[in-house]
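Student: I would like to check the terms used for this model against their cut-offs. Can we start with the ligand?

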Amino acid sequence: MANAPEKKEMTEVSEAQIAVHWREEEYFNPPQKFIAQANMPDSKILERFGLDKFPDCFKEYADMVSWFEPYHTVLDTSNAPFWKWFTGGKINASYNCVDRHLAKYRNKAAIIFVGEPENEDPVAITYQELYYRVNEVAAMLRDYVGLKAGDRVTFHLPMTPELPITMLACARLGVIHSEVFGGFSGQACGTRIQDSGSHVLVTIDSYWRAGTLVDHKANADIAVQTAEEMGQHVDKVLVWQRYPGKYGSKTPMVEGRDFFMNDLLKKYQGKKVDPVPMDSTAPLFLMYTSGTTGKPKGIQHSTGGYLAYVTGTAKYIQDIHPEDTYWCMADIGWITGHSYIVYGPLSLAATSVVYEGTPTYPDAGRPWRIAERLGVNILHTAPTSIRMLRKLGPDEPAKYNYHFKHMTTVGEPIEPDVWRWYYHTVGKDEAVIVDTWWQTENGGFLCTTTPAVHQMKPGSAGPGAPGIHPVILDEDGEEVPAGSGKAGNICIRNPWPGIMQTIWGDPDRYVRTYYARYNKNPKSTDWRDWPYMAGDGAVQAADKYYRILGRIDDVINVAGHRLGTKEIESACLTVPEVAEAAVVPVADELRGRVPEIYIALKPGIQASPEIVAKVVKANEDIIGKIARPKHVYIVPDMPKTRSGKIMRRVLASISNQRDVGDVTTLANPTVVEEIRVMVQGKDAVAQMGEVPEDIAKFGQNE
Ligand code: PRX
């Protein structure tokens with residue numbers, strides 16, 4: 001039970017009380033027009049994917065992708081919980097997302113790139129053009145850089161077409177890509193380079209964000225240096241250019257290490273590379289995500305199982321047809337973008353929009369202008385963006401002539417009120433909505449309605465996706481019945497093809513984090529003995545719909561993305577004046593949750609605004625702007641138990657204006673009241689701790 005969350009962090013106790021008081025929301029029916037054209041209008045799908053049909057039901061998804069050699073076993077559990085899907089099969093993800101569409105869709109747009117500056121026209125890349133570009137990049141990576149199947153390559157790329165192109169070029173060779181979100185700092189990128197053992201970094205000189213051309217290449221130098229200090233040497237930094245031929249960074253190129261992609265590619269024009277037939281179980285990519293300890297986890301995804309799962313769910317849950325123009329506003333630097341901007345939609349021959357900038361730049365009408373201009377009919381975004389767009393432009397959608405048939409929300413719980421604005425105002429009462437609950441580790445959707453089959457209920461993710469059989473377990477591993485109003489840990493009874501393979505380089509942590517909690521027999525090779533623990537609290541209503549309450553561990557979900565409290569606290573402790581740091585999530589109108597930091601200083605050091613600024617900067621440098629705290633409070637001492645543990649629960653209550661409860665047993669109970677007055681009473685020190693709220697300008701995708 002190494003990973004059993006400590007009692008002090010079990011937020012579901014209080015969340016459960018909230019849950020019981022939630023009122024039941026009314027249902028919405030999927031529009032008839034949607035049902036008439038849906039890929040999956042048949043409610044028999046649920047029987048077909050019943051637990052009694054597991055695992056063979058997932059052949060239906062495997063049949064949606066093209067195999068070089070057929071698989072012989074659907075699911076191999078011999079080394080549980082390291083699941084192997086579709087073993088014996090040979091497959092290539094690049095072939096599936098590009099080559100196989102050429103016969104029918106060669107001249108159809110695969111990607112439409114929309115740059116942030118509105119005076120730059122969108123650029124459509126056809127499947128033929130994508131084929132050409134992916135091949136030349138693959139040829140260059142193979143023949144010039146010397147990359148081969150199984151090697152890892154780190155990308156630190158923003159939202160331009162070069163990102164999916166380089167991903168697909170790697171996939172063509174069986175090279176494992178590891179994309180680090182472009183908004184993360186150079187240091188964060190460097191630690192991920194080191195963990196993955198990459199010798200090559202792919203980056204870009206610059207990109208547009210909220211009206212600024214960001215100098216991004218500067219991060220590459222920091223990343224390489226960080227990796228070097230950690231013992232990982234980077235031989236080559238490959239630099240795309242936002243405007244080919246024009247270098248948009250002030251940082252000099254390092255002789256012998258840095259190369260412009262566009263220069264290198266000249267020698268590979270028109271070169272073709274046969275897609276390498278990969279084992280179904282060969283890793284396709286790594287995606288780092290925060291965990292309970294300081295070190296991010298390299299989540300390893302497979303080729304065959306992952307591709308089949310994202311293709312199947314993009315088809316049935318997002319209802320993507322080749323004729324659709326689909327826009328997911330997430331960043332490809334997160335799992336949502338990997339699965340539902342690149343691999344899922346392209347595997348289905350859809351047109352996938354890649355938008356470079358913030359959704360609210362230059363104003364909150366921008367997304368609706370893009371939708372109107374490109375004829376987007378499927379939209380995918382997160383509650384944090386929806387809240388922001390509602391706040392800044394509640395009446396904007398009505399001004400534009402677009403029509404969505406389908407809309408997705410993902411990443412955090414959506415408030416019913418925000419859901420209704422999405423439905424009525426953004427969707428104009430015409431679009432079906434799916435609220436999809438899942439995680440980096442899962443590859444694709446876990447809980448969601450099947451859009452033409454189920455009714456929608458605002459604020460609820462819905463039942464399990466086809467073939468996903470969730471269960472809520474309590475502390476003792478007992479099932480919490482539907483409709484009981486009680487919260488517990490949401491788990492999945494069965495594996496599925498999109499589930500991660502392991503944590504890169506740390507298989508023990510994989511077992512400990514996701515499976516050890518409810519496994520009774522570590523030697524078992526029966527999947528029934530290995531429920532997957534997601535790390536979220538949830539309640540299940542009588543209608544079997546799940547409502548997700550949030551994390552039960554030390555992870556803060558900021559604007560739909562995960563930050564480990566330990567990561568933030570470690571960053572604070574790099575400031576020499578800081579003796580102790582504690583981070584808690586605080587509710588935020590726009591971003592859902594944001595970190596709030598409490599620090600205690602070393603003896604003899606006076607509190608000052610400079611120290612607050614240093615703490616903020618340390619977080620931005622080490623993690624990225626996403627980790628910018630709402631406030632930094634310098635406190636005389638941390639509330640502690642007699643054994644010396646910092647009581648984050650008490651601090652979280654103070655930050656969220658909740659009752660702190662009984663603190664008499666603490667080692668230093670009087671400090672609690674001092675801190676409460678400081679935070680809630682907004683005295684002079686608290687004011688000093690205010691952090692400007694300009695992160696809003698940085699955008700919602702972070
Ligand atoms: O707490 C859940 C929340 O986001 C976490 C996963 O974050 P990440 O791995 O970054 O992946 C985000 C996108 C797949 C989950 O543990 N979460 C995700 N989707 C929802 C959600 N919470 C409520 N409702 C959702 N639809």
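Student: What makes the pair between E412 and the ligand a polar contact?

Tutor: A backbone N or O atom of E412 lies 3.3 Å from a nitrogen atom of the ligand. A polar contact is a pair of N or O atoms within 3.5 Å, so the pair qualifies. The model is predicted: local features need pLDDT of at least 70, side-chain atom pairs count only at pLDDT 80 or more, and totals for chains, interfaces and linings use all residues. Residues are numbered from 1 along each chain as its sequence is written, and side-chain values use heavy atoms, with hydrogens and water left out.

Student: Which distances put the side chains of D536 and R562 in polar contact with the ligand?

Tutor: A polar side-chain atom of D536 is 2.7 Å from a ligand oxygen, and a side-chain N or O atom of R562 is 2.8 Å from a ligand oxygen.

Student: How much of the ligand does the protein cover?

Tutor: The protein covers 97% of the 540 Å² of accessible area (Shrake-Rupley method, 1.4 Å probe) that the ligand has on its own.

Student: Why are β6 and β7 called paired?

Tutor: Two strands (DSSP runs of E, at least two residues, numbered from the N terminus) pair if DSSP finds at least two bridges between them. Strands β6 (residues 152-155) and β7 (residues 176-179) have four, in the parallel sense, so they pair. One of the bridges links R152 to I176.

Student: What about β6 and β8?

Tutor: Two bridges join β6 to β8 (residues 200-204), so the requirement of at least two is met. These strands run parallel, and T154 has L201 as its bridge partner in β8.

Methods:
Polar contact = N/O pair within 3.5 Å; in protein donor to acceptor, adjacent residues only side chain to side chain.
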